[in-house]
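Let's take a walk through this one together. Keep the sequence and the 3D view side by side as you read.

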Amino acid sequence: QVQLVESGGGSVQPGGSLRLSCVLAGRRLSIYDMGWYRQAPGKQRELVARITSGGSTNYADSVKGRFTISRDNAKNTMYLQMNSMKTEGAAVYYCNACFRTTVKGGVDYWGLGTQVTVSS
């Protein structure tokens with residue numbers, strides 16, 4: 001019954017900023033490890049950033065120092081602040097939630113994505 005909905009995508013110039021949001025419905029966000037992935041046309045989906053249920057973060061080398069992932073468990077929302085955008089950042093960005101269970105292992109949920117374009 002988990003649903004993820006991304007928002008905040010749009011067009012940005014190189015060097016500009018965008019803030020993406022992901023709202024989780026159906027469960028408490030606090031129990032999930034969360035992440036942002038992106039997929040450019042004709043390319044594989046790649047990890048952008050992750051934040052665990054405990055608040056630990058990690059980033060792809062390509063975005064480290066420019067992007068910040070965060071979560072607000074009270075609002076059931078995860079964010080991705082994207083600064084100093086590069087043309088390589090143009091992609092559809094997807095929200096991911098992973099629930100680690102003791103009997104089945106990890107269970108993943110995905111949003112439908114929000115498009116980010118970077119125009120120079």
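What follows starts with a sheet, moves through the core and ends in the loops.

One thing to keep in mind from the start: this is a predicted model. With that said, begin with the open sheet, whose four strands run in the order E1-E3-E8-E7 and pair in an antiparallel way. Strand E1 (3-7) and E7 sit at the edges, each pairing on one side only. If you ignore direction, neighbouring strands of this sheet are turned by 15° against each other on average.

Now zoom in on E3 and E8. These two pair in the antiparallel sense over six bridges. A handy spot to look at is Val-23, which stands opposite Thr-77 in E8.

Stay with Thr-77 for a moment, since there is plenty to see around it. Is Thr-77 buried or exposed? Its relative accessibility is 6%, so it counts as buried, the cut-off for that being under 20%. The side chain of Thr-77 reaches the backbone oxygen of Lys-75, at 2.8 Å. Leave out the neighbours within four places in sequence, and Thr-77 is in contact with Ser-21, Cys-22, Val-23, Leu-29, Arg-71 and Asp-72.

Next, the nonpolar interior. The largest nonpolar core has 30 residues, and the members that touch the most others are Met-34, Trp-36, Leu-80, Met-82 and Tyr-93. Which elements give two or more residues to this core? They are strand E3 (18-25), strand E4 (33-39), strand E5 (46-51), E7, E8, E9 and strand E11 (114-118).

From E11, pick out Gln-115. Gln-115 has a relative accessibility of 53%, so it counts as exposed; the line for that is drawn at over 50%. Setting aside residues within four places in sequence, Gln-115 is in contact with Gly-9, Gly-10, Ala-91 and Val-92. Tyr-94 is 21 residues away from Gln-115 along the chain, and their C-alpha atoms are separated by 8.9 Å.

Time for the loops. Between strand E7 (67-72) and strand E8 (77-82) there is a loop that holds Asn-76. Asn-76 is not a glycine, yet it has a positive phi of about 55°. What is the relative accessible area of Asn-76? It is 18%, so Asn-76 is buried, given that buried means under 20%.

Ser-84 also has a positive phi without being a glycine, with a value near 50°. You'll find Ser-84 in the loop between E8 and strand E9 (91-101). At 37% relative accessibility, Ser-84 counts as partly exposed.

The loop between E8 and E9 is the place of Lys-86 too. Lys-86 comes in at 40% relative accessibility and so is partly exposed, falling between the 20% and 50% cut-offs. Not counting residues up to four places away in sequence, Lys-86 touches Arg-66 and Val-118. For a sense of scale, put your cursor on Lys-86 and then on Gly-26: they are 60 residues apart in sequence, and their C-alpha atoms are 35 Å apart in space.

To finish, go back once more to the strand pair E3 and E8, and find Thr-77 facing Val-23 there. From Thr-77, trace the side chain to the backbone oxygen of Lys-75, then look for Asn-76 in the loop between E7 and E8.

Conventions: Residues numbered from 1 in each chain as written. Predicted model: local features only at pLDDT ≥ 70, side-chain atom pairs only at ≥ 80, totals over all residues. Heavy atoms only, no water. Buried < 20%, exposed > 50% of the residue type's maximum accessible area, 1.4 Å probe, protein only. Core = buried A, V, L, I, M, F, W, Y, C linked by side-chain atoms within 4.5 Å. Polar contact = N/O pair within 3.5 Å; in protein donor to acceptor, adjacent residues only side chain to side chain. Contact = heavy atoms within 4.5 Å. Pairing = 2+ DSSP bridges. Axes fitted to C-alpha atoms, helices over the stretch in contact; angles between N-to-C directions.
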